[in-house]
Structures are given as C-alpha cells and as structure tokens.
Amino acid sequence: MKSEIVIVGGGASGLMAAYHAARCLVDAGQAAQVTVLEKMPRAARKVMITGKGRCNFTNVKDWNEFSAHVRSKANFVKSAFYNLPSQAVVDWFEGFGMATVVERGDRAFPASHHASDVVDTLVNACLSLGVKIETDAEVASIEAGSQLPPENVLLRRTLPTDCLPGFTVKLKDGREWQCRRVIVATGGLSYPTTGSNGDGLRWAAELGHRIVPTFPSLTALVPKGYKIQEDKSLHIDRSTPLSELGQALCGVQLKNIQLSLRIEGTETDSEFGDIDFTDGGLEGPVGFQLSRKAVKALVNGSRVALVLDLKPGVGLTELTVRIKALWEEIARDPRSRGVREKERCRILLGKLMPRELIPGFQAMHPEIITVERRSRTDTKVWINLVSIAKALKAWSFDIAGYVGYERAVVTAGGVCTDDFVAKTMESRLVPGLYLCGEVLDIDADTGGYNLQLAFATGALAGLSAAKSLL
C-alpha cells in the first residue's frame with residue numbers, strides 16, 4: 001500500500017499533523033494521500049481521558065506567559081507555538097462547530113465538557129479532507145530507504161523531492177505501507193492502556209537519534225507510610241493497598257494551600273493552589289506541578305519531602321494567637337463543660353481544617369497532645385496549641401516514591417530535540433522523517449499546556465511534510 005505521507009499514531013499531535021498536511025496538499029491542488037495508522041480500535045484514546053474526561057485542550061496564555069510553564073525545551077517549541085498559537089487552536093475547534101469556554105487559569109474546554117467532542121472534531125476534520133485513518137493498525141517497524149550520510153544531509157535541499165529516500169512502514173499483521181514522508185506521533189510512555197508504550201522512542205533510536213532518559217511527570221507522589229509497601233521500590237503502583245494513614249487521608253481535597261518541595265532539606269520550589277489525597281497518593285494541580293522535579297530527584301537518589309502550609313495567608317505568630325483565642329472561646333462555651341480535652345482538641349481542629357482531614361492530621365502529629373501521668377489514677381492531658389500552629393504551617397511529608405507511567409499524565413524526557421529542526425520538526429539525521437508531540441523531549445505543566453504543545457508541534461510537522469512534497 002502506498003501513501004505520500006504516513007502518520008504513525010492517531011492521538012492529538014498525529015491527528016493535527018494529518019489535518020494540516022492534508023489541508024496544505026488540498027490547497028495546493030495535489031491529490032496526495034495522507035494516512036494515519038493507529039494501533040488502538042479508536043483514535044485519540046488518551047485525549048478521551050484528559051482532564052478527567054472534560055479535556056482541557058489548550059491554555060490561551062500568550063507565549064511569554066505560556067513558555068514559563070514548559071519544563072523542557074521551551075525554545076525548541078517556540079516556532080511551533082507561533083505557527084499555531086493557543087487562540088488559533090480555540091478558533092480552529094470553533095471553526096468546526098465545537099463551542100468552547102475558557103475557565104480559571106486561562107484553561108480552554110469544550111463547552112460541553114465532554115472530551116469526546118474534541119476527539120470527534122479532530123477525526124471529522126481529518127476525514128473531511130480525505131485523510132485515511134486506519135485503526136487496529138499496529139506498526140512493527142519503520143525502515144528508511146538508503147540514507148544520505150549525515151555529513152551530506154544538506155544535499156537533500158538540492159535534490160528533487162522524488163529523489164529523496166522513502167520509507168517502509170511495516171505493520172504487525174504483515175501489511176506494509178510505502179511512503180515518501182513519515183511523521184511519528186506515538187506519544188511517550190504514559191497511560192500505556194491508551195496505546196503509548198514507547199515504540200516511537202525505539203524507532204527513533206534505531207534510526208540514529210539520541211534519547212533523553214524518561215521518567216513519569218504530572219503524577220501522584222506517595223508519602224512514606226501512605227501505602228503498604230513490600231519493598232523499597234520508588235515506583236509504587238497505584239493498586240498498592242493503602243495503609244491506615246492512607247485510608248485516613250484518601251479522598252480529602254484541600255483548596256488554597258501552599259505546597260513546597262524540599263530536596264535534600266533545601267526548598268527548591270513552591271506552589272499555591274489545590275491538592276487531592278487519592279488512592280495513588282498526593283495529587284491535584286499543585287501536587288502535579290511539583291511532581292516532575294520531585295520524581296527526577298528521587299530517581300537521582302535524593303531525599304524528597306513536601307511541606308504543606310494549610311494557612312498560607314497568615315504568619316505563624318498570628319496563627320498561634322488566633323488558635324489560643326479559639327481555644328479560650330471553646331473553653332467558655334457552655335457546651336464544653338464536662339468535655340474531655342481530646343474532644344475539645346477535635347472541636348478546635350474542626351475550626352481550622354476540613355473535618356475529614358482531622359484523623360490524618362492527628363495521626364501524623366502526635367506531638368499536639370501530651371499525656372502526663374501523675375499517679376496510677378491521675379493523668380493530665382495537655383493540648384499543645386503552639387505545636388498545632390506549627391503543624392498547620394509546616395506539615396511535612398517525606399516522599400517514598402511515585403505512581404509510574406500507568407497513571408502519569410505525561411512522560412518527561414524522550415527523543416532529543418537537538419536532532420530535529422525546530423522550524424519544521426524534521427530530523428537532522430533522516431530526511432523526510434518528522435516527530436511531534438510527547439515522543440519528543442518536551443513536556444509542560446498541567447493546565448492545557450501539554451495538549452497545546454501536541455497540537456502545535458503536530459500542525460508544524462504536518463505542514464512541513466506536505467510542503468516538502470510540493
């Protein structure tokens with residue numbers, strides 16, 4: 001089978017690459033075929049689960065603000081971003097009839113908050129231009145024709161496009177596709193159940209490209225004692241049973257807190273926002289933001305801790321005064337007569353935090369209650385109000401490990417971008433080969449940034465591949 005352009009991977013970047021390649025060819029009056037090979041039964045499976053099914057498909061910040069959220073190779077994706085800026089992505093979807101809405105943090109969603117609308121729009125846009133989308137088409141290998149020596153790569157600019165080496169894309173079912181251009185858009189290693197298993201990394205390496213070591217990013221961090229671990233592996237599967245502490249914290253959601261990352265005892269980052277305690281560990285927007293640097297430090301053998309400030313709006317001294325006033329107020333309340341000190345402590349904590357957080361907070365801060373045994377029959381319970389204030393301002397979680405690729409949102413690391421031309425996404429080593437999306441060493445924060453990078457690099461790869469045929 002033959003196709004001028006074959007795109008391996010029918011996710012966000014692959015479908016956007018297919019559309020822009022086909023659009024360019026159609027506008028030029030060329031009858032060239034663009035084919036997408038997707039291993040799963042349906043295209044864009046990972047997009048379907050993005051944003052818990054709501055699909056935060058881009059972030060409408062301009063480049064100066066947007067680039068601050070790109071954690072790797074921001075300069076490399078700058079050309080792709082300007083070729084298809086965030087607002088242009090919103091306009092593109094709206095142009096195909098998908099209503100959109102922009103919410104807090106400049107995050108853009110389909111107005112329906114259904115990820116299926118994003119997927120349907122991508123697929124239908126491609127089909128409208130004659131793109132062939134083959135599902136259940138798992139690629140086994142990508143073989144380049146006789147290649148120009150690396151030192152003579154510039155020679156390709158003087159050759160007719162028909163003289164450039166072609167490619168053979170072999171499928172696991174025995175079929176083969178012959179093509180003039182290949183775009184690899186297979187994603188990274190995250191969420192392997194959606195089809196991302198690292199094949200693109202392997203093919204790129206086989207074709208001579210360098211691979212930057214990968215690790216999970218935007219993933220759950222697991223505090224020590226949160227899970228029942230049988231070994232000391234850093235990768236703690238999400239299915240690992242929760243400990244008693246984990247059960248006490250799981251399900252708690254905290255808003256407007258400050259979370260700081262400490263590596264080897266030194267604070268290296270801090271974020272304000274929301275966190276969630278889940279069956280995986282510590283997640284939520286702020287937890288995810290800090291997870292990339294935390295996981296990298298853990299992999300490198302460093303000690304990592306997260307420090308939670310439940311009251312970032314007030315200083316320790318002011319908070320201590322407030323807690324003492326609340327304690328006196330509880331003591332004066334007629335309903336507190338005859339109530340034991342430990343129960344009064346729970347009443348106090350209920351005024352300082354969500355009630356569902358109290359069991360976990362007390363379990364990790366036994367110092368807030370001191371029991372003085374004066375005799376065999378006489379004990380005195382002391383509530384340490386200063387200790388409560390300190391714990392609220394600096395609740396420390398030593399991190400034992402992290403949830404791996406099975407539930408990580410993105411993959412950090414990937415194919416080295418130094419081997420690709422930023423203005424075209426074409427390989428410097430293999431003429432006619434383009435890469436886009438998460439398979440490359442590019443990743444960003446949560447909040448629509450990663451999908452924007454996928455769309456932008458995909459669009460540029462597709463457009464460049466098509467232009468090279470004209």
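Where is the place of Lys52? Select Lys52 and you will land in the loop between helix H2 (45-49) and S3. Keep in mind as we go that this is a predicted model.

**Two lysines with positive phi**

While Lys52 is selected, look at its backbone: phi is positive, about 55°, although this residue is not a glycine. Lys52 is also exposed, with a relative accessible area of 75%. Next, select Lys73, in the loop between helix H3 (63-66) and helix H4 (74-83). Lys73 is another residue other than glycine with a positive phi, this one near 60°. Its relative accessible area is 34%, which makes Lys73 partly exposed.

**A three-stranded sheet**

Now show strands S3, S5 and S4, which form an open sheet in that order with antiparallel pairing. S3 (58-59) and S4 (100-103) stand at the edges; each has a single partner strand, so one side of each is left without a neighbour in the sheet. Zoom in on S4 and S5 (residues 107-110), and you can follow four bridges between them in the antiparallel sense. Val101 stands opposite Phe109 of S5. Stay on Phe109 and add Arg54, which lies over the face of that ring, 4.3 Å from the ring centre.

**Helix H1**

Move to helix H1 (residues 12-27). Its 16 residues should span 22 Å at 1.5 Å a residue, and the end C-alpha atoms are 23 Å apart, which agrees. Which word fits H1, enclosed or open? Of its 16 residues, 13 are buried, so H1 is largely enclosed by the rest of the structure. Just after H1, select Gly29 to find a positive phi of about 75°.

**Aromatic rings**

Time to colour the rings: the model holds 15 aromatic pairs. One of them joins Trp92 and Phe96, tilted at 55° between the planes and 4.9 Å centre to centre. Trp92 is buried at 12% relative accessible area, whereas Phe96 is partly exposed at 36%. Go on to Phe361 and Trp395, an edge-to-face pair with 85° between the planes and 5.2 Å centre to centre. This pair links distant parts of the chain, with Phe361 in helix H12 (residues 358-364) and Trp395 in strand S18 (residues 395-402), 34 residues apart. Phe361 is buried at 0% relative accessibility, and Trp395 is buried with a relative accessible area of 0%.

For a wider view, select Tyr19, Phe57, Trp92, Phe93, Phe96 and Phe455 together, since they form one aromatic cluster. Then visit Trp382, where Lys380 lies over the face of the ring, 5.2 Å from the ring centre.

**Cysteines**

How many disulfides does the count come to? The count is zero. To see this at one site, select Cys126 and Cys436: the sulfur of Cys436 is the closest cysteine sulfur to that of Cys126, yet it is 12 Å away, too far for a bond. Cys126 is buried, at 0% relative accessible area. Cys345 counts as buried too, at 0% relative accessibility.

**Last stop: Thr320**

Finish in helix H10 (residues 316-332), where you will find Thr320. Is Thr320 buried or exposed? At 12% relative accessibility, Thr320 counts as buried. Show Val386 and Ala389 as well: leaving aside neighbours within four places in sequence, these are the residues in contact with Thr320.

Terms used:
Residues numbered from 1 in each chain as written. Predicted model: local features only at pLDDT ≥ 70, side-chain atom pairs only at ≥ 80, totals over all residues. Heavy atoms only, no water. Helix = DSSP H or I, 4+ residues; strand = E, 2+ residues; numbered from the N terminus. Buried < 20%, exposed > 50% of the residue type's maximum accessible area, 1.4 Å probe, protein only. Contact = heavy atoms within 4.5 Å. Pairing = 2+ DSSP bridges. Disulfide = S-S within 2.5 Å. Expected span 1.5 Å × (residues − 1). Phe/Tyr/Trp six-rings, centres within 6.5 Å; stacked < 30°, edge-to-face > 60°. Lys NZ or Arg CZ within 6 Å of the ring centre and 35° of its normal.
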